[in-house]
Amino acid sequence: MNLYLAGPFFDDEQIDRVERVEKALNQNTTVDNFFSPRLSTVDKSLEVGSDEWSKAVFKLDVDEIKKADAVIAIIDFVDDNVDSGTAFEIGYAHAINKPVILFHEKSGNVNLMLSNGSNSYLTTIDDIVKFDFVKIPEYKYNGKVF
């Protein structure tokens, strides 16, 4: 099973969460490989933030979603706003019929587009370690949506 890990990594808390998810995916026996944009290597000669760099990052990430068997997306957000890049990755994966597994460690409501566009909803790192990414059992979010 080849996965794409979607999620923000712009501050220390987010980086810590992504690192813990990466570690859990490495421990999961149903995961063969995963792509984490945080660890991706875009041409180092490109200036971060430049038009060329942004196009290269976009192409790499979209190509990796296409190659993945499923997407696991971290949807922990601030003030009911999921990271816009993560929201795009979830929507794109859903549009091309890739299973989407949401990981929501913080408490709070979930946007209806995310909850309805996903196959499973996990809330702990242990859930990720034990999840069967081959069979992708359905664990739907059943809380309040907005």
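**Fold, pockets and selected residues of the predicted model**

With a relative accessibility of 14%, isoleucine 136 counts as buried. This residue is placed in the segment after α5 (125-130), and its phi is near 45°, a positive value in a residue other than glycine. The structure described here is a predicted model. A positive phi in a residue other than glycine is also found at asparagine 97, where the angle is near 65°. Asparagine 97 belongs to the loop between α3 and β4. Its relative accessible area is 69%, and because the threshold for exposure is over 50%, asparagine 97 is classed as exposed.

The strands form an open sheet of five, ordered β2-β1-β3-β4-β5 and paired in parallel. At its edges stand β2 (33-35) and β5 (120-122), each of which pairs on one side only. Neighbouring strands of the sheet are turned against each other by 25° on average, direction ignored. In general, the strands of a sheet pair through backbone hydrogen bonds, in either a parallel or an antiparallel manner.

Pairing at the two ends of the strand order can be described in turn. β1 is joined to β2 by three bridges, and the two strands run parallel; across this pair, leucine 3 stands opposite phenylalanine 34 in β2. Strand β4 (residues 100-103) is likewise linked to β5 by three bridges, again with a parallel course. There, leucine 102 faces tyrosine 121 in β5.

Helices pack against this sheet. Helix α2 (residues 51-67) touches β1, β2 and β3, and its direction makes about 140° with that of β1. Helix α1 (residues 12-27) lies across β1 (2-6), β2, β3 (70-74) and β4, and runs at about 170° to β1.

Strand β1 is largely enclosed by the rest of the structure, because five of its five residues are buried. In a regular strand, side chains alternate between the two faces of the sheet. In β1 both faces are covered: Asn2, Tyr4 and Ala6 are buried on one side, and Leu3 and Leu5 are buried on the other.

Within helix α1, glutamine 14 has a relative accessible area of 18% and is therefore buried, the limit being under 20%. Apart from its neighbours within four places in sequence, glutamine 14 is in contact with Pro8 and Phe9.

Arginine 38 is located in the loop between β2 and α2. With a relative accessible area of 25%, arginine 38 is partly exposed, because this value falls between the 20% limit for burial and the 50% limit for exposure. When neighbours within four places in sequence are set aside, its contacts are Phe9, Ile15, Val18, Glu19 and Glu22. Arginine 38 and methionine 113 are separated by 75 residues in sequence and by 25 Å in space, from C-alpha to C-alpha.

Empty space within the model was examined next. Rolling a probe the size of a water molecule over the atoms reveals where such space is left. The structure contains one cavity of 30 Å³ or more, and the largest cavity encloses about 30 Å³. Its lining consists of Leu5, Ala6, Gly7, Phe9, Val18, Ser36, Pro37 and Arg38. By residue class, this lining divides into five nonpolar, two polar and one charged. Leu5 and Ala6, both buried residues of β1, thus reappear in the lining of the largest cavity, as do Phe9 and Val18, which are among the contacts of arginine 38.

The largest pocket has a volume of about 550 Å³. It is lined by 25 residues, of which Phe9, Pro37, Trp53, Val57 and Asp61 are the closest to its centre. Two or more lining residues are given by each of the elements α2 and α3 (84-95), and the greatest contribution, seven residues, comes from α2. The lining of the largest pocket comprises 13 nonpolar, six polar and six charged residues. Phe9 and Pro37, listed among the residues closest to the centre of the pocket, also belong to the lining of the largest cavity. Phe9 is, in addition, in contact with glutamine 14 and with arginine 38.

How values were computed:
Residues are numbered from 1 along each chain as its sequence is written. This is a predicted model: local features need pLDDT of at least 70, side-chain atom pairs count only at pLDDT 80 or more; totals for chains, interfaces and linings use all residues. Side-chain values use heavy atoms; hydrogens and water are left out. Two strands pair if DSSP finds at least two bridges between them. Helices (H or I, at least four residues) and strands (E, at least two) are DSSP runs, numbered from the N terminus. Axes are lines fitted to C-alpha atoms, for helices over the stretch in contact, and angles run from 0 to 180 degrees between N-to-C directions. Contact means heavy atoms within 4.5 Å. On a 1 Å grid over the protein atoms alone, a cavity is a set of points where a 1.4 Å probe fits but cannot get out, and a pocket is an open set with protein on both sides within 12 Å along at least five of seven lines; lining residues have an atom within 4 Å of a point. Grid points are joined across faces, edges and corners, and a volume is the space filled by probe spheres set on the points. Ala, Val, Leu, Ile, Met, Phe, Trp, Tyr, Cys and Pro count as nonpolar, Asp, Glu, Lys and Arg as charged, and the others, Gly among them, as polar. Buried means under 20% relative accessible area, exposed over 50%, partly exposed in between (1.4 Å probe, protein chains only).
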